[in-house]
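Thanks for coming, everyone. I'll put the structure up and then walk through it.

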Amino acid sequence: MTGISAPQNSSVASRSGSWIRDEAARCLDCYDPPCQRACPAAIPIPAFIRAIGTGNWRYAAELVRNANPMAAVCGAICPAEVFCQSKCTRAQIDSPLRIRELHAWATAFERYGIYTEHEEE
């Protein structure tokens with residue numbers, strides 16, 4: 001399966017699938033996640049991050065879109081450092097997850113049809 005690639009000037013285009021999976025793997029998958037409670041759009045943050053971590057790009061995009069029909073716009077303009085990222089438990093260990101970038105990856109996947117080798121098999 002092939003897709004249309006993201007625009008070259010897109011910050012998402014500069015991220016590799018392995019970086020995205022590595023970032024998703026940092027999620028502590030908290031019980032009663034503070035990041036999700038802080039999200040004004042009520043996006044299921046740990047669930048979509050888990051989907052990204054397993055390479056299930058389509059499901060990650062679906063989770064984000066089902067929670068917020070304006071997901072692509074919100075993912076680009078949301079001040080995540082004020083909301084979800086500021087509450088990320090991982091910050092107590094090293095640094096918070098880059099939730100906005102993970103969100104942008106999921107929505108760009110859906111919008112531009114970015115596929116990985118895993119999905120093409």
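Read along the sequence, the chain runs α-α-α-α-α-α-α-α. That is 8 helices and 0 strands. Helices here are DSSP runs of H or I with at least four residues, strands are runs of E with at least two, and numbering starts at the N terminus.

Ground rules. This is a predicted model: local features need pLDDT of at least 70, side-chain atom pairs count only at pLDDT 80 or more, and totals for chains, interfaces and linings use all residues. Residues are numbered from 1 along each chain as its sequence is written, and side-chain values use heavy atoms, with hydrogens and water left out.

Confidence next. pLDDT is the predictor's confidence in each residue, from 0 to 100. The chain averages 82, and 79% of the residues score at least 70. Confidence is highest in H2, at 97, and lowest in helix H8, residues 117–120, at a mean of 42. Residues 1–10 have pLDDT below 50, and beyond near neighbours in sequence this stretch has 17 contacts in the model. Contact means heavy atoms within 4.5 Å. Residues 116–121 also stay under 50, with 10 contacts beyond four places in sequence. Where pLDDT is low, the predicted coordinates should not be read in detail.

Now the overall packing. Of the 121 residues, 40% are buried. The cut-offs: buried is under 20% relative accessible area, exposed is over 50%, and partly exposed is in between, with a 1.4 Å probe and protein chains only. Take contacts between residues at least 6 apart in sequence: 69% of them join residues at least 24 apart.

On to empty space. Rolling a probe the size of a water molecule over the atoms shows where empty space is left. We use a 1 Å grid over the protein atoms alone. A cavity is a set of points where a 1.4 Å probe fits but cannot get out. A pocket is an open set with protein on both sides within 12 Å along at least five of seven lines. Lining residues have an atom within 4 Å of a point. Points are joined across faces, edges and corners, and a volume is the space filled by probe spheres set on the points.

How many cavities of 30 Å³ or more does the structure hold? The count is 1. The largest cavity has a volume of about 100 Å³. Its lining has 15 residues, and nearest the centre are Cys-27, Leu-28, Cys-30, Cys-35 and Cys-88. Helix H2 (34–38) and helix H3 (45–53) each supply at least two lining residues. H3 gives the largest share, 3 residues. By class, that lining is 12 nonpolar, 1 polar and 2 charged. For the classes, Ala, Val, Leu, Ile, Met, Phe, Trp, Tyr, Cys and Pro count as nonpolar, Asp, Glu, Lys and Arg as charged, and the others, Gly among them, as polar.

Stay with Leu-28. It sits in the loop between H1 and H2. Leu-28 counts as partly exposed, because its relative accessibility is 38%. Leaving aside neighbours within four places in sequence, Leu-28 is in contact with Thr-89, Arg-90 and Ile-93. The C-alpha atoms of Leu-28 and Pro-46 are 8.5 Å apart, with their positions 18 residues apart along the chain. Pro-46 is one of the buried residues of H3, along with Ile-45, Phe-48, Ile-49, Ala-51 and Ile-52.

Then the second largest pocket. Its volume is about 160 Å³. It is lined by 17 residues, and closest to the centre are Cys-39, Ile-43, Cys-74, Cys-78 and His-103. H3, helix H5 (71–77) and helix H7 (99–112) each give two or more residues to this lining. The classes are 13 nonpolar, 3 polar and 1 charged.

Backbone check. Asp-29, in the loop between helix H1 (17–25) and H2, has a positive phi near 50 degrees. Ala-42, in the loop between H2 and H3, has a positive phi of about 55 degrees. Neither Asp-29 nor Ala-42 is a glycine. Gly-55, just after H3, takes a positive phi of about 80 degrees.

Last stop, Gln-85 in helix H6, residues 84–87. Buried or exposed? Gln-85 is buried, because its relative accessible area is 15%. A polar atom of its side chain lies 3.0 Å from the backbone nitrogen of Ile-99. For the backbone nitrogen of Arg-100, the distance to a polar atom of that side chain is 3.1 Å.

Methods: A polar contact is a pair of N or O atoms within 3.5 Å; within protein, one must be able to donate a hydrogen and the other to accept it, and residues adjacent in sequence count only if both atoms are side-chain atoms.
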